[in-house]
Amino acid sequence: MNNNKLSLLQISDFHLFSDPRAELMGLNTHDSLDSVLSHIRSGNRKPDLIIASGDLVHDGSSAGYQRMEKMLGSLPAPVYCMPGNHDDKQRLRDLLGRQCSDRHNVCAPNRVDLDGWRLILLDTVVNGEKYGHISTQELHRLEQELDSAADRQILIFLHHQPVPAGSAWLDSMQVKNAEALFDIVDSFSPVRAIAWGHVHQAFEGERNGVRLFSTPSTCIQFAPASERFALDQTPPGWRWFELGPDGRLDSDVERLQTLPQCDHSAEDAQGYS
Ligand SMILES: [Fe+2]
């Protein structure tokens with residue numbers, strides 16, 4: 001704990017492959033994640049907990065998840081993993097569906113309670129589809145988690161964006177039933193923020209007093225407000241949240257200092273999806 005505040009780190013969209021030499025649009029995703037984790041490990045800021053918000057293994061391979069677990073295991077805090085549209089949900093659950101412990105600091109729960117805060121990890125993944133959707137069962141769970149939160153502050157994580165990112169190609173893949181999510185969120189006052197990955201870019205906004213955040217990828221970045229697919233010229237990044245016991249929340253994005261090489265000639269998302 002840092003001065004009674006929780007320091008939460010969000011990392012997202014690693015897009016690892018079974019082969020550590022594999023590239024996504026010309027970028028080695030293993031090396032890129034490795035650089036991000038090294039930077040975090042050697043930095044001044046120490047996380048109390050870490051959320052990995054989906055698209056963790058691009059090809060959904062067992063070898064990819066095993067390597068990911070090893071890499072994330074080097075971090076000095078529990079890492080809570082959630083699936084994205086590129087993941088194999090079942091494989092992720094089979095490997096990491098357990099409680100984090102001193103022995104295993106990488107796990108995949110759907111709720112975390114810590115120091116006055118409740119983090120709800122919401123599943124938006126539809127097997128075989130790129131877009132997001134929250135099942136009736138998951139919406140019901142959300143209501144229950146909010147209802148039983150007592151006086152805890154709430155932070156909701158999901159993979160897909162529930163509001164448009166402003167890029168037509170990306171917004172065809174947003175949460176299709178986001179209104180159902182917001183209907184529930186609007187009726188519970190302690191929801192402080194909703195955060196996601198998927199869009200490979202940083203965003204900050206607000207809706208009815210609930211703060212909204214997206215987090216960059218640890219590999220390739222998508223150009224903001226671009227109608228068509230385009231990569232952005234920004235380095236891999238991650239997001240910090242400082243969570244106060246009174247519900248106060250501060251957030252900022254950090255990035256690697258150097259822009260890694262990748263293939264900017266691609267004119268559509270074929271190489272990504
Ligand atoms: Fe992604």
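**Notebook: S74, the cysteines and the nonpolar cores**

I began with S74, which lies in the loop between α2 (62-72) and β5 (79-82). The model I am reading is a predicted one, and I keep that in mind for each entry below.

I next looked up how far S74 is open to the surroundings, and at 33% relative accessibility S74 counts as partly exposed. Checking its side chain, I found a polar contact between the side chain of S74 and the side chain of R41, at 2.6 Å. I also looked at S38, which is 36 residues from S74 in sequence, while the C-alpha atoms of the two residues are 9.1 Å apart in space.

I then turned to the cysteines and asked how many disulfides the structure holds. The structure holds 1 disulfide, and this disulfide joins C100 to C107, with an S to S distance of 2.0 Å. I looked up the torsion about the S-S bond of C100 and C107, which is about -100°, so this disulfide is left-handed. Are the two partners buried or exposed? C100 is partly exposed, because its relative accessibility is 22%, whereas C107 has a relative accessible area of 1% and is buried.

C219, I noted, is in no disulfide, and the nearest cysteine sulfur, that of C262, is 9.0 Å away. Why is there no bond from C262 to C219? The sulfur of C262 is 9.0 Å from the one in C219, its closest cysteine sulfur, and this is too far for a bond, because a disulfide needs the sulfur atoms within 2.5 Å. C219 is buried at 2% relative accessibility. For C262 I read 19% relative accessibility, so C262 also counts as buried, since the cut-off for buried is under 20%.

My last entries concern the nonpolar cores. The largest nonpolar core has 40 residues, and I156, I194 and I220 are those with the most contacts inside it. I listed the elements that give two or more residues to this core, and they are α4 (136-147), β9 (153-158), α5 (168-171), α6 (178-186), β10 (191-196) and β12 (210-214). Of these, α6 gives the largest share of the core, 5 residues.

I followed I156 further and, leaving out residues up to four places away in sequence, found that I156 touches I120, L122, L142, V185, V191, A193, I194 and A195. Beyond the largest core, I noted a second, separate core of 27 residues, which includes L37, A52, L75 and V79.

Conventions:
Residues are numbered from 1 along each chain as its sequence is written. This is a predicted model: local features need pLDDT of at least 70, side-chain atom pairs count only at pLDDT 80 or more; totals for chains, interfaces and linings use all residues. Side-chain values use heavy atoms; hydrogens and water are left out. Buried means under 20% relative accessible area, exposed over 50%, partly exposed in between (1.4 Å probe, protein chains only). Helices (H or I, at least four residues) and strands (E, at least two) are DSSP runs, numbered from the N terminus. A polar contact is a pair of N or O atoms within 3.5 Å; within protein, one must be able to donate a hydrogen and the other to accept it, and residues adjacent in sequence count only if both atoms are side-chain atoms. A nonpolar core is a set of buried Ala, Val, Leu, Ile, Met, Phe, Trp, Tyr and Cys residues joined through side-chain atoms within 4.5 Å. Contact means heavy atoms within 4.5 Å.
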